[in-house]
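Open the model in your viewer and keep the sequence panel beside it. The stops below can be selected one after another.

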Amino acid sequence: MKGSTIEMIRKAALQIGVPALLAFMAWNAYLAVNHLEQMQKIAALTVESSKIQADISGVLKDLTDMETGQRGYLLTNDSSYLQPYSDAKGSIGTDFASLREGLASRSERERSLESQVESVANTKQAEMERSISLREKGYRHRAFMLVDSNEGMERARGLLSSLSVAETSNFARLDIERNANLSKALLKTIVANSCLLVLTACLLGLIRYHGQVLEQEAAHSRQVLAVRDMQLEKLTSALSNQARSKTCAIEASVRLLLQNYGGFLPRQGHEYAEQIREASAQMERLRQDLVGSSASNSDEKAA
């Protein structure tokens, strides 16, 4: 009864252990995929934040180049100084469009800052256009009066600086979130792999123990079969010897009957005696066949 209970427990453990191992493997795979997706999302947000910073720098560079080209031309009346101004004027619209697109998913405050920067930049650009036009017409003093106050440019730089600080804060937050996710994923991976390792070790140990038990049961069964084969062989031998002695006695009796009383027996009696002798011979052949088959089986098992 105790052995049967242990056997049932062992089989139940194997039936539960294998699905549990597969479940832990699936869980570990899910954690890996989920972690990869989170890292890809954070990486995409980080790239987006870097692009916004690059767009802010691009707008600031455009404004600086426009201001530098404007003042260089106003001071020297050399049209070559207008080249940086013209280049920046051609690219600032594209840079603002890219910045607006990048900030579309940001907070209302950041979008408001971008709108204010664009408004100030447009006002400042119109002012630059008027100063350059006055300088081209020879009104040098009036042109310089327009640029004496640099409040518009300073305000634009301040707004762009605020946007840059906000994006730096976003970048730092993403970096903290990425590190936290890495730590969390590492902890989950360690726990999942530890559970998987322990469960695998237990399952392998149980499988090995189950195999040993099966080998022991097979060895015990072979021993029982060997004992039974030996007993059967002894019984067969005893029966064979007994049958041989009986057939020998029958043959001897028939032979003596025919020798001593054959002359007194009628023809039908002779036939009966011959039939008895033939039946005895058939029994002997049958016995020899059975003994030969038993010996052949014993030789095969021994081999």
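Start with the largest nonpolar core, a set of buried Ala, Val, Leu, Ile, Met, Phe, Trp, Tyr and Cys residues joined through side-chain atoms within 4.5 Å. This core has 29 residues, and Leu63 and Leu99 touch the most other members. At least two core residues come from each of helix H1 (2-76), H2 (82-102), H3 (108-136), H4 (140-147) and H5 (151-261). Helices here are DSSP runs (H or I, at least four residues), numbered from the N terminus.

This is a predicted model, in which local features need pLDDT (the predictor's confidence in each residue, from 0 to 100) of at least 70, side-chain atom pairs count only at 80 or more, and totals for chains, interfaces and linings use all residues. Residues are numbered from 1 along each chain as its sequence is written, and side-chain values use heavy atoms, without hydrogens and water.

Next, select Leu99. Beyond its neighbours within four places in sequence, Leu99 is in contact (heavy atoms within 4.5 Å) with Ile52, Asp55, Ile56, Val59, Glu114 and Leu163.

Now show all of H2. Its buried residues (under 20% relative accessible area, 1.4 Å probe, protein chains only) include Tyr85, Ile92, Phe96 and Leu99. Centre on Ser91, where H2 bends by about 35°, the angle between axes fitted to the seven residues ending there and the seven starting there.

Is Thr94, also in H2, buried or exposed? Thr94 counts as exposed (over 50%) because its relative accessibility is 55%. From Thr94 to Asp55 the C-alpha distance is 9.6 Å, across 39 residues in sequence.

Finally, colour by confidence: mean pLDDT is highest in H2, at 88, and lowest in H6 (residues 267-302), at 67.
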